[in-house]
Amino acid sequence: MQSAKMADQPIAVQKQTNMKSMTIGKILVYFILVSLAIICIIPFYLMLIYSTHNNATIASTFTFLPGQFLVDNYLNMASKINIWKGFANSFFIAGTSTVLSLYIGALTAYGFAKYKFKGRTGLFLFLLATMMVPGQLALIGMYRLFSTLGLLDSYLAIILPAAANAFNVFFIKQFIEGSIPDEIIESARVDSAGEFRTFNQIVLPILGPAIAALGIFTFIGSWNNFLTPLVLLFSLDKYPLPVLVALVQGYYGMDYGLLYLGVAISIVPIIIVFSIFSKQIIGSVALGAVKG
Amino acid sequence: MFAKSIRKDHYGYYFIAPFFLIFLMFGLYPILYSLYLSFTNWDGITSPEFVGLGNYIAVLQDPLFYKTLFNTLFIWGVSVVPQLTVSLVLAFILNDKLLKGRDIFRAVYFFPNIVTAASLGLLVSLIFDWQSGGLNHFLVQVGLIDDPINWKDDPWFMRLIVSSILFFQYFGYSMVIYLAGLQGIDPSLQEAAQIDGAEKKHIFFHIIVPMLRPIILFQIITSIIGGIQIFDQPFTLTNGSGGPDRAAMTSIMYLYNVAFQSTRFGYGAAVAFCLFVIIILLSAVSFMMTKRKSSS
């Protein structure tokens, strides 16, 4: 009704109606939106502030301003746990499982999208169905399997199960069907390129942007993985960051400055990555969900 | 002959083989092995001893199993209802092209979703700490309370905190999924309704909600699967203990305790499969409920 009215009216009048619609309703909407945004930021702000204070300040007063104990907290932490080792472990585990699951995912997706072999539909439906099964179901069997294989407390126990990621297959298959015409593959065949060469040199580069978007998401998922490493790894120097940070609480529960700093170190990189890639991250979540 | 040489369909098997090999070994086999272990007693050292349905009978008579199941469903229910409704309304608001700062709001609301759940649980635990927590100091300073409140001593409050963390982490995520769904709705539908004089709330209830029904179902089912698996946040929030009277001990925390702390792996596996059955039942119920609604 408003838009129809506005179209017939001179600009001055339009402006007035705009002003009117900018009334209580809109102010209320913005008020709610901004409050919610503040609630989203405050815990992380407090985390940063508290990581710069010493125990005495944290235990006695509420403060909204940074203190001077960041370096002391850091040295205190560094003398007790090697958080950078946890960082490196997380990077290694998340990095390798992301690369592996993306490459295998792309291979599988390409196989399903471009070859009409027998049992294709059945196998693909089976693959989709596995996405509905909660991972904890496999946890105890996995523990037994890796204990038999002698792979408990090794990175392989975390990386191998993550390599077969059904969601990645599903996601990349949608992309291949939308963006890689059969003609490209056929012309490569006419030029007598092998099937895997065609995949590695022609298809994979075209998939680049989609895989990059998915890669960020897979990486974050793997980085945040907590239960599997908690169960399958035992050595303090092999723990990824989330497990290390959680255990620090048990060991140094009264050392608040250290705890806040530990949490901060585990979250700040995510804040940085997110502020660079927020559009892609949100986009890849949305894309995956709607196609599902 | 040329046509035959161009047919390469059997190559499909080579392409999908690595995935299925890895999946069979490290996905399916452990699940089936868990199923087998659920019929045995296994302490992690000696070989498993077959006990038939013994573990399942014991699980179904275990008060702690029901308690942790109640905790999980309570925590999930209290967080998921506001999460799915608030995020739907937010998506509707943020889908409005005239709204300023849409992208910033979206990014800020989504951000908690990618923060490590374990770190977030610990952070909330620190903020709610009785003596050192920022919240008590703030409330005392503002004059709302005289003495610090021992938040973490109250079972119901602990459950509500976990629910709040989940809401905090997932409302932005649901919002993004709703937004993606909204983008699939023909804008001319809304415009036509506007021209016919429909108010925003009518458009919301009579156009947006019915059109988004498949997405809403998707959200409910994925949130059931995710909800039963709640672990990281209550685990770090309560330092692994489950809080006062084990009020914030979820089903998966119970599974973890039984299997990996008490090394009763067979019993833990039986707990896992009982939970799986519950997930399937809940998903089927919500599927049928949304089906019935759309046909009526």
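## Empty spaces inside

How many cavities of 30 Å³ or more does the count come to? The count comes to three. Keep in mind as you look around that this is a predicted model.

Take the largest cavity, which has a volume of about 60 Å³. Its lining is made up of A:Asn89, A:Ser90, A:Ile93, A:Ala94, A:Ile158, A:Ser222, A:Trp223, A:Asn225, A:Pro229 and A:Pro240. Two elements of chain A give two or more residues to that lining: helix H6 (83-114) and helix H12 (195-223). H6(A) provides the largest share, with four residues. If you sort the lining by residue type, you get six nonpolar, four polar and no charged residues.

## A nonpolar patch on the outside

Now move to the surface. A nonpolar patch there is formed by A:Val34, A:Ile38, A:Ile41, A:Ile42, A:Tyr45, A:Phe64 and A:Leu65. Together these residues have about 610 Å² of accessible area.

Let's pick out one member, A:Phe64. You'll find A:Phe64 in the loop of chain A that runs between helix H4 (55-60) and helix H5 (70-80). Is A:Phe64 buried or partly exposed? With a relative accessible area of 40%, A:Phe64 is partly exposed, because values between the 20% and 50% cut-offs get that label.

## Salt bridges in chain A

A search of the whole structure turns up nine salt bridges over all chains. One of the salt bridges joins the side chains of A:Lys238 and A:Asp153, at 3.6 Å from N to O. A:Lys238 sits in the loop between helix H13 (227-232) and helix H14 (241-251) of chain A, while A:Asp153 sits in the loop between helix H8 (136-149) and helix H9 (155-163) of chain A, so this pair ties together parts that are 85 residues apart in sequence. The two partners fall into separate classes of exposure: A:Lys238 counts as partly exposed at 26% relative accessibility, whereas A:Asp153 counts as buried at 13%.

Another salt bridge in chain A pairs A:Glu195 with A:Arg189, and here the closest N and O atoms are 2.9 Å apart. How do these two residues score for burial? A:Glu195 is buried, with a relative accessible area of 3%. A:Arg189 is buried too, with a value of 18%, and that label holds because the cut-off for buried is under 20%.

## A salt bridge in chain B

Over in chain B, B:Lys152 forms a salt bridge with B:Asp129. The closest N and O atoms of this pair are 3.9 Å apart. Why can we say that the pair ties together separate parts of chain B? B:Lys152 lies in the loop between helix H7 (134-142) and helix H8 (155-183), and B:Asp129 lies in the loop between helix H6 (117-127) and H7, so the bridge links parts that are 23 residues apart in sequence.

As for exposure, B:Lys152 is partly exposed at 23% relative accessibility. B:Asp129 is buried, with a relative accessible area of 16%.

## Distance along the chain and in space

Here are two pairs to try finding in chain A. Start with A:Ile271, which is in helix H15 (residues 256-291) and is partly exposed, with a relative accessible area of 29%. A:Ile271 and A:Phe44 are 227 residues apart along the chain. How far apart are their C-alpha atoms? They are separated by 9.6 Å.

The other pair starts from A:Met47 in helix H3 (residues 24-50) of chain A. A:Met47 is buried, with a relative accessible area of 0%. In sequence, A:Met47 and A:Ala106 are 59 residues apart, and in space they are 39 Å apart, C-alpha to C-alpha.

## Positive phi in a chain B loop

Last stop: backbone angles. B:Asn239 has a phi near 55 degrees, which is a positive value in a residue other than glycine. Where is B:Asn239 found? Its place is the loop between helix H12 (232-237) and helix H13 (251-261) of chain B. At 41% relative accessibility, B:Asn239 counts as partly exposed.

B:Asp245 has a phi near 55 degrees as well, again a positive value in a residue other than glycine. B:Asp245 is in the loop between H12 and H13 of chain B. With a relative accessible area of 56%, B:Asp245 is exposed, because that label goes to values over 50%.

Note on methods. Residues are numbered from 1 along each chain as its sequence is written. Chains are lettered from A and ligands numbered from 1 in the order in which they are written. This is a predicted model: local features need pLDDT of at least 70, side-chain atom pairs count only at pLDDT 80 or more; totals for chains, interfaces and linings use all residues. Side-chain values use heavy atoms; hydrogens and water are left out. On a 1 Å grid over the protein atoms alone, a cavity is a set of points where a 1.4 Å probe fits but cannot get out, and a pocket is an open set with protein on both sides within 12 Å along at least five of seven lines; lining residues have an atom within 4 Å of a point. Grid points are joined across faces, edges and corners, and a volume is the space filled by probe spheres set on the points. Ala, Val, Leu, Ile, Met, Phe, Trp, Tyr, Cys and Pro count as nonpolar, Asp, Glu, Lys and Arg as charged, and the others, Gly among them, as polar. Patches are made of residues with over 30% relative accessible area and no salt bridge: like charges are joined within 9 Å, nonpolar side chains (Val, Leu, Ile, Met, Phe, Trp, Tyr) within 5 Å. Accessible areas come from the Shrake-Rupley method with a 1.4 Å probe; for residues, only the protein chains shown count as cover. A salt bridge is a side-chain nitrogen of Lys or Arg within 4 Å of a carboxyl oxygen of Asp or Glu. Buried means under 20% relative accessible area, exposed over 50%, partly exposed in between (1.4 Å probe, protein chains only).
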